[in-house]
Amino acid sequence: MENLIEIKGVRHAYRTDSGPLPVLDGLEIAVPEGGFVAVVGPSGCGKSTLTRLVAGLMKPDHGEVWLHGERVKGPRSTVGMAFQNPVLLEWRSILKNVLLPLEIVPSKLSKKEAEDRARMLLSLVGLEGFEDKRPSELSGGMRQRASLCRALIHQPEVLILDEPFGALDAFTREDLWQTMHKVKEREPFTGVLITHDLRESIFLADQVVVLSGRPAKTQYVLDIPRNAAPTLDDLYTTEAAEQLNILRHQIQVAQGRTTEGAT
Amino acid sequence: MNKHVQAFAVPMAAIVVFLLFWEALVWVNGWPTYKMAAPSDLPAAFERHWSLFLTMGWQTLWRTILGLLLAVIFGTILGMIMGFSRIMRDALYPLLVGFNAIPKATVVPIVALMFVGQHDFNTVLLAFMISFFPIAVSVSIGLSTLEPEYRDILRSLGASQATIFWKIALPKTLPEFFGALKVAVTLAFIGTNLMEIVSPHGRGLGALFDSGRTNSDFPLMFAVLIALAFLGIVLYYIVVALEKIFAGWAERAPG
């Protein structure tokens, strides 16, 4: 199968006052079409830099990022993004917030069709009846759901999620995990998820990439075999426990490396 | 109590209480009008110079509004330049703060000499000079503190800088902008009146105040102050109304 996202030998350093600060050094990630990769690693290891590279918001010093057989040189409308901060615009209703990308991206949909699609997405994530509310009238979890709809409205090929559930409480987070599976069934996309939560990574992704400490390179890749959408109970099987153990061990190795590097 | 009635009745009651207090203060101390006029002295002053109050009040008002409009345009442009460019911000801030620190009363004679006889122009200029600072600062802070994610949601779709400005940066800055505009309104009045009072053969309420002073018509001076306060309140609430229309979303529902 052709890989929709390919990151080959990416190296990148930020220029700071005290010289270059390398954040990525030898990153290799490949995601097939329809795949969902979760990227985990010690904090500050360059995970967010990775999302900005895939989104075309910045260019790597070395290496290549390919999307759908084309080298990424700048932003492209086939990408949808959601962040830990839902960044909804307070002066727009929820519906108008979801419709925002269609004001930028050329779309074949008529105004009516676009609105219908937005309403469909909102009801898919359980926000039916909240279309005309202001963002401040919604809870954190609901805002994150709306932000997800906005990321999907223009039918992006690639959905980039940068710790979207990081600021939510555990129960809301688990709710949203299930919503994600529901959404993916209805609106297929290729996903990149940045997360700190190992349970989240094995619940949502079919491939978990562990990054080493800064500068980050691909340290380990764990495939999560998946036939159907999992249930929360699947997180408490011996299989899940084994996967989590492997990942925890790999993270510890990665963290060990950062302390070695620091001394 | 009805909410609308309350919104009107409470400030009105406060004004009445204030006037009563003022009247009592003068009465208890037995002050003559040259020390302090009482509110009860004012209706007579208003009545005597009724038409002057109208024409001069209008002169003061339009100059203040014009100066304020210029301040809004210039302050917004300056704020945009400083908000978007780090270098320009570093370069312009000290200049701007220094300029703002100069008491505008000292600028009056300079301006009056620079543009001799251009009384309307001078007055508008001073209203403008005194009121653009808070607008420039608020716009620049609003733009420079825009969280990068707000930019990124549109930039990742290929939106231009101009689109990001119109769709996100500008509306997001509006609450700060209106906060600054409320300060600027009252400052602009100060600017207008400084010029009107100090420059010879002035016009507007400031000149009326000055003629009260030269004629020892103390109730007239106090009446001018009240007229100025009234105009200030009117303009302030016009800004509040505009804020409700354009940035009403920033107001959280009570409770």
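## Strand β6 and its partner

Two strands count as paired if DSSP finds at least two bridges between them. In this predicted model, strand β6 (residues 79-83) of chain A clears that bar with strand β7 (residues 158-162) of chain A: five bridges join the two, and they run parallel. To pick out one spot along the pairing, look at A:M81, whose bridge partner in β7(A) is A:I160.

As for surroundings, β6(A) is mostly covered, with five of its five residues buried. That goes for both faces of the strand. One side carries A:V79, A:M81 and A:F83, the other A:G80 and A:A82, and all of them are buried. So A:M81, the residue bridged to A:I160, sits on the side of β6(A) that also has A:V79 and A:F83.

## Two domains

Chain A splits into two domains. Domain 1 is pieced together from 1-78, 158-178 and 187-263, while domain 2 is the stretch 85-156. Their C-alpha centres lie 26 Å apart.

## Where the domains touch

The contact between them draws on 13 residues from domain 1 of chain A and nine residues from domain 2 of chain A. On the domain 1 side, β7 and α5 (170-186) of chain A each chip in at least two residues. Of the contributors there, α5(A) gives the most, with three residues.

What is that side of domain 1 made of, in terms of nonpolar, polar and charged residues? Where domain 1 of chain A touches domain 2 of chain A, its residues divide into eight nonpolar, three polar and two charged.

Methods:
Residues are numbered from 1 along each chain as its sequence is written. Chains are lettered from A and ligands numbered from 1 in the order in which they are written. This is a predicted model: local features need pLDDT of at least 70, side-chain atom pairs count only at pLDDT 80 or more; totals for chains, interfaces and linings use all residues. A residue is buried if 20 or more other C-beta atoms lie within 10 Å of its own, exposed if 12 or fewer, and partly exposed in between; C-beta atoms are placed from the backbone. Helices (H or I, at least four residues) and strands (E, at least two) are DSSP runs, numbered from the N terminus. Domain bounds come from an automatic or database domain assignment. Two residues are in contact if their C-beta atoms, placed from the backbone, lie within 7 Å. Ala, Val, Leu, Ile, Met, Phe, Trp, Tyr, Cys and Pro count as nonpolar, Asp, Glu, Lys and Arg as charged, and the others, Gly among them, as polar.
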